[in-house]
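The following exercises are to be worked with the sequence and the structure at hand. Each task is followed by a solution in steps.

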Amino acid sequence: MNAHRISFVSLLASALFVTSCQPLPEQHGLEVEIMPVAGGLAAVNPNDVVVAPIEFAEEGLQAPEQLLRQAAVGSLIARRYAPLSLGFVDASIPDALAGGVLKASYRPGSLGEDAVLRIIVHGWDTSLWDLRKALMVDLEFIMEDPGNGGQELWHARLKQRFDFEKQARTAATESALLSAATRVVTDEICSQLPPRVVLPGAQ
């Protein structure tokens, strides 16, 4: 009996030791601030989403606009939303200029979408990129209902520094690294976006 008990205790201690050595899963979205909204994302449960052209909180700010929108598209797909093609969205905007520079903003609801994702850049600091491959970002993501006067469905803001030195060692090119880094940023803020509920029988 004692031998069995000792054996059981030894096995339990071994299991606890192995468990304690396992790395804890990385937690995402800890720095994401969720703003209270009057509307509810769950009630609308949007499928088709327009990722609107990037907005800047103040004149003079810069960010990789198309990369940021493309990254947001990928993050939305990962949360089971169906973002419309950026080319399709941009082609619907009047007075579009050559070279991807848009003179007019997107008019919500013009493509019959269920929701519009607005991305507002408050800060995109690359001063440490060359030295440490670090980005300091301040982004605001707002999901709006285009059919209800632009009522907010979800609203979040992220102010955080991201370091990509490890990724830089394996990145094929600088542009590939920046693209991957941008996706990490949008995944971080969208980690707090409730996934779309796919109902039984829905396409």
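**Exercise 1.** Classify Lys133 as buried or exposed, and then characterise the salt bridge that joins Lys133 to Glu174.

*Solution.*
Step 1. This is a predicted model, and the values below are computed from it. The relative accessibility of Lys133 is 16%. Buried means under 20%, so Lys133 counts as buried.
Step 2. The partner, Glu174, has a relative accessibility of 41% and therefore counts as partly exposed.
Step 3. The two side chains meet in a salt bridge, with a distance of 3.0 Å from N to O.
Step 4. Lys133 belongs to the loop between α5 (129–132) and β6 (134–145), whereas Glu174 belongs to helix α7 (residues 174–190). The pair is 41 residues apart and thus links distant parts of the chain.

**Exercise 2.** Determine whether the span of helix α7 agrees with its number of residues, and list the buried residues of α7.

*Solution.*
Step 1. Helix α7 has 17 residues, and at 1.5 Å a residue it should span 24 Å.
Step 2. The end C-alpha atoms of α7 are 24 Å apart, which agrees with that expectation.
Step 3. The buried residues of α7 are Leu177, Ala181, Thr182, Val185, Thr186, Glu188, Ile189 and Cys190.
Step 4. For reading such a list, recall that an α-helix has 3.6 residues a turn, so residues three or four places apart point the same way.

**Exercise 3.** State how many salt bridges the whole structure contains, and examine the pair Arg69 and Asp90, the pair Arg161 and Asp163, and the network that includes Arg118.

*Solution.*
Step 1. A search of the whole structure gives seven salt bridges.
Step 2. In one of them, the side chains of Arg69 and Asp90 meet at 3.0 Å, N to O. Arg69 lies in helix α3 (residues 65–78) and Asp90 in helix α4 (residues 86–91), so this pair ties together parts that are 21 residues apart in sequence. Both Arg69 and Asp90 are buried.
Step 3. Arg161 and Asp163 form a salt bridge in which the closest N and O atoms are 2.9 Å apart. Arg161, at 39% relative accessibility, counts as partly exposed; Asp163 is partly exposed as well, with a relative accessible area of 42%.
Step 4. Glu55, Arg118 and Glu144 are joined into one network by salt bridges that share partners.

**Exercise 4.** Glu113 is buried yet has no salt bridge; identify which groups surround its side chain.

*Solution.*
Step 1. Glu113 is located in the loop between α4 and β5 (115–125).
Step 2. The nearest side chain of opposite charge is that of Arg107, 8.7 Å away. A salt bridge requires a distance within 4 Å.
Step 3. The side chain of Glu113 instead reaches the backbone nitrogen of Gly109 at 2.5 Å. The backbone nitrogen of Leu111 lies 3.3 Å from a polar atom of the Glu113 side chain.
Step 4. Not counting residues up to four places away in sequence, Glu113 touches Asp48, Val50, Leu84, Tyr106, Pro108 and Pro146.

**Exercise 5.** Describe the protein as a whole.

*Solution.*
Step 1. There are seven helices and seven strands, in the order α-β-α-β-β-α-β-α-β-α-β-β-α-α along the sequence.
Step 2. Of the 203 residues, 35% are buried.
Step 3. Among contacts with a separation of 6 or more, 67% are between residues 24 or more positions apart.
Step 4. The protein exposes about 12100 Å², of which carbon and sulfur atoms supply 55%.

Definitions and conventions. Residues numbered from 1 in each chain as written. Predicted model: local features only at pLDDT ≥ 70, side-chain atom pairs only at ≥ 80, totals over all residues. Heavy atoms only, no water. Helix = DSSP H or I, 4+ residues; strand = E, 2+ residues; numbered from the N terminus. Buried < 20%, exposed > 50% of the residue type's maximum accessible area, 1.4 Å probe, protein only. Contact = heavy atoms within 4.5 Å. Areas by Shrake-Rupley, 256 points an atom, 1.4 Å probe, with all protein chains shown as cover. Expected span 1.5 Å × (residues − 1). Lys, Arg positive; Asp, Glu negative; His and termini not counted. Polar contact = N/O pair within 3.5 Å; in protein donor to acceptor, adjacent residues only side chain to side chain.
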